[in-house]
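Trainee: I have a model open in front of me and would love to talk it through with you. Could we go over it together, one question at a time?

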Amino acid sequence: MATRVNEMQFVTFTLENEIFGIDVRQAREIIKVNEYTKIPQAPLYIKGIINLRGQITPIVDLHALFGMPPKELTSDSRVIITEVNGETVGILVDSVLGVQRISNENIVPLPDLARKSGDDSIIGIAKRDDKLIILIDIQKLLTKPENIESLEGISKMVKEEHKET
């Protein structure tokens, strides 16, 4: 069934007690991850790397990126696989709730007072039943200058190490 023009589909997930969503077109797949390899001297928001079917993939911890306290992996933890500037990247979340259709009329812009100057990575806030869903553009979030340099550096370092083995 085709999505109606006045609604969008979002993969919704939790971080702490908040619900977030990303456009379903930005999520390539969702996987369960039990372990990862830590990278020395990586930025705090790079949790580590995994081997995803032969492709070394950095894992971004949204807790650290959003300034939330760190959280250990649980049986509900998931990694949403996406692509950023042609690189495969995993986004670590507490749990995935599913895909939800959200009508455009139920999405309101983030108030200017709550938005960091120049930050357009938050699409808006969706009102769903009695809950609010923070809608983020994962591409814009991960391609902020302070984030993209680290992701590119990790990818380059891992590829060089992978060639040597």
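**Sheets, cores and rings**

Mentor: Gladly! Keep in mind that this is a predicted model. In strand β2, Ile-22 stands opposite Ile-136 of β11, which makes a good place to begin.

Trainee: In what sense do β2 and β11 pair, parallel or antiparallel?

Mentor: Strand β2 covers residues 18-23, and strand β11 covers residues 131-136. There are 4 bridges between these two strands, and their sense is parallel.

Trainee: Which strands stand at the edges of the open sheet?

Mentor: Start from the order of its 6 strands, β8-β1-β2-β11-β10-β9, in which the pairing is mixed. An edge strand here has a single partner, so one of its sides is left without a neighbour in the sheet. That description fits β8 (95-103) and β9 (107-108).

Trainee: Let me move to another group of strands. Which residue in β7 stands opposite Val-60?

Mentor: Look at strand β5, residues 55-61, which is mostly covered, with 5 of its 7 residues buried. β5 pairs with β4 in the antiparallel sense over 6 bridges, and with β7 in the parallel sense over 3 bridges. On the β7 side, the residue opposite Val-60 is Ile-91.

Trainee: And which residue in the turn of the β4 and β5 hairpin has a positive phi?

Mentor: In the paired part, Asn-51 stands opposite Ile-56 in β5. The hairpin leaves 2 residues between the strands, and the one in the turn with a positive phi, about 50 degrees, is Arg-53.

Trainee: Which residues touch the most other members of the largest nonpolar core?

Mentor: This core has 24 residues, and the elements that each supply at least two of them include β1 (7-15), β2, β4 (46-52), β6 (78-84) and β7 (87-93). A second, separate core of 8 residues includes Ile-31, Leu-52, Val-79 and Ile-81. Back in the largest core, the residues that touch the most other members are Phe-13, Val-60, Leu-62 and Ile-91.

Trainee: What does Ile-91 touch, leaving aside residues up to four places away in sequence?

Mentor: Val-60, its opposite number in β5, is one of the contacts. The full set is Val-60, Leu-62, Arg-78, Val-79, Ile-80, Thr-82, Ile-138 and Leu-142.

Trainee: How many aromatic pairs are there in the whole structure, and which residues do they link into a cluster?

Mentor: The search finds 2 aromatic pairs. Phe-13 and Phe-20 are stacked, with 5.8 Å from centre to centre and 10 degrees between the planes. Phe-20 and Phe-66 are stacked as well, at 5.4 Å and 20 degrees. The cluster made by these ring pairs is Phe-13, Phe-20 and Phe-66.

Trainee: Is Phe-66 buried, partly exposed or exposed?

Mentor: Its partner Phe-20 sits in strand β2, whereas Phe-66 is 46 residues apart from it, in the loop between α1 and β6. Phe-20 is buried at 5% relative accessibility, and Phe-13 is buried at 1%. Phe-66 has a relative accessible area of 29%, so it counts as partly exposed.

Trainee: Last one: where does Asp-129 lie, and how accessible is it?

Mentor: Asp-129 has a positive phi, near 55 degrees, though it is not a glycine, and Asn-85 is another non-glycine with positive phi, about 50 degrees. Asn-85 is in the loop between β6 and β7 and is exposed at 54%. Asp-129 lies in the loop between β10 (122-128) and β11, and it counts as exposed because its relative accessibility is 77%.

Terms used. Residues are numbered from 1 along each chain as its sequence is written. This is a predicted model: local features need pLDDT of at least 70, side-chain atom pairs count only at pLDDT 80 or more; totals for chains, interfaces and linings use all residues. Side-chain values use heavy atoms; hydrogens and water are left out. Two strands pair if DSSP finds at least two bridges between them. A nonpolar core is a set of buried Ala, Val, Leu, Ile, Met, Phe, Trp, Tyr and Cys residues joined through side-chain atoms within 4.5 Å. Buried means under 20% relative accessible area, exposed over 50%, partly exposed in between (1.4 Å probe, protein chains only). Contact means heavy atoms within 4.5 Å. Rings of Phe, Tyr and Trp (its six-membered ring) pair if their centres lie within 6.5 Å; planes under 30 degrees apart count as stacked, over 60 as edge-to-face and the rest as tilted.
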